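Here is a short briefing on one chain. It covers cysteines, rings and charges, fold, surface and confidence.

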Amino acid sequence: MSVSSQPAGVNTKELLQRLTSRSVYWLDKIPPEKTEPTTQIELTSRWSDLTRSKDFYTQVPLSPIWEVSKWALRAVPSERLCKLAQPRAPVEEWQPGRPLPAPLNRGTQTAVASYRICQLAQPRRRQIQAVSSFRSELRPMTQLASRTSAHIELLATPKHDHPKYEGERPVCWPVSKAARNHVASQRLCELSCPKMRKSLFDGYDPYVVSWTARSANPSTRIQELSLPLSRKCSSKE
């Protein structure tokens, strides 16, 4: 809006203030400014209680020792109460824990160990690698004389390879003279060439069926497999 088209008696500043301060609803006059809040909320008694600060418990806690009333001192317990006050007896098969150390009887103290027990009591010696400054030495391990059965010795023998086993082929192997002097046929050269095909934007249609596929005659087995299963065919009368 140009200044020349404004009505007479209207200031430009006042007009711009009217245009910028208009809300969604069309108002002829600018609404008066309100200093008070538009919404007044009335709090319920419950809300008022929740807004108050919590008072901490300042009372001194009671002592664990308190006076017993005279009625409690003169009370006589019933038979049921006396029965419940008795400690629970342990099970008949329960035995108390053995004292540590347990006392040994005379027979155990005067027992003489056999040769086998003395042999088992010896610690088992293992290969201990003694680490020196630059060298390491292995200590021999003492083994007991034992004899295995014939079946264990049979199972311990390694299995031999099959007579026709040739092993893995080396990565690099010599090529024979016949393979080096071989001349490929025309059909082999034809098959070794990559198949040339146009791209989709060059006019290639992947859904075109060739004339050879159209004139092909299916065999009896293919016609038999193309028929639906008899159990899925419904008979029409």
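The disulfide count in this predicted model is zero. Cys193 is in no disulfide. The nearest cysteine sulfur to it belongs to Cys189, 7.1 Å away. A disulfide would need the two sulfur atoms within 2.5 Å, so the Cys193 and Cys189 pair does not count.

**Cysteine exposure**
- Is Cys118 buried, partly exposed or exposed? Its relative accessibility is 38%.
- Buried means under 20% and exposed means over 50%, so Cys118 counts as partly exposed.

**Rings and charges**
- How many aromatic pairs does a search of the whole structure find? The result is zero.
- Two tryptophan rings do have an arginine over the face.
- Arg169 sits over the face of Trp173, with 3.7 Å to the ring centre.
- Arg214 sits over the face of Trp211, with 4.6 Å to the ring centre.

**Fold**
- The chain holds eleven helices and two strands.
- From the N terminus, the order of elements is α-α-α-α-α-α-β-β-α-α-α-α-α.

**Burial and surface**
- The chain has 237 residues, and buried residues make up 1% of them.
- The exposed area of the chain is about 26,900 Å².
- Carbon and sulfur atoms supply 57% of that area.

**Confidence**
- Mean pLDDT for the chain is 79. A pLDDT of 70 or more is reached by 73% of the residues.
- Where in the chain is confidence lowest, and where is it highest? The lowest mean, 52, falls in strand 2, residues 136-138. The highest, 93, falls in helix 4, residues 79-85.
- Residues 1-6 have pLDDT below 50. Beyond near neighbours in sequence, this stretch has four contacts in the model.

Definitions and conventions: Residues numbered from 1 in each chain as written. Predicted model: local features only at pLDDT ≥ 70, side-chain atom pairs only at ≥ 80, totals over all residues. Heavy atoms only, no water. Phe/Tyr/Trp six-rings, centres within 6.5 Å; stacked < 30°, edge-to-face > 60°. Lys NZ or Arg CZ within 6 Å of the ring centre and 35° of its normal. pLDDT = per-residue confidence, 0-100. Helix = DSSP H or I, 4+ residues; strand = E, 2+ residues; numbered from the N terminus. Contact = heavy atoms within 4.5 Å. Buried < 20%, exposed > 50% of the residue type's maximum accessible area, 1.4 Å probe, protein only. Areas by Shrake-Rupley, 256 points an atom, 1.4 Å probe, with all protein chains shown as cover.
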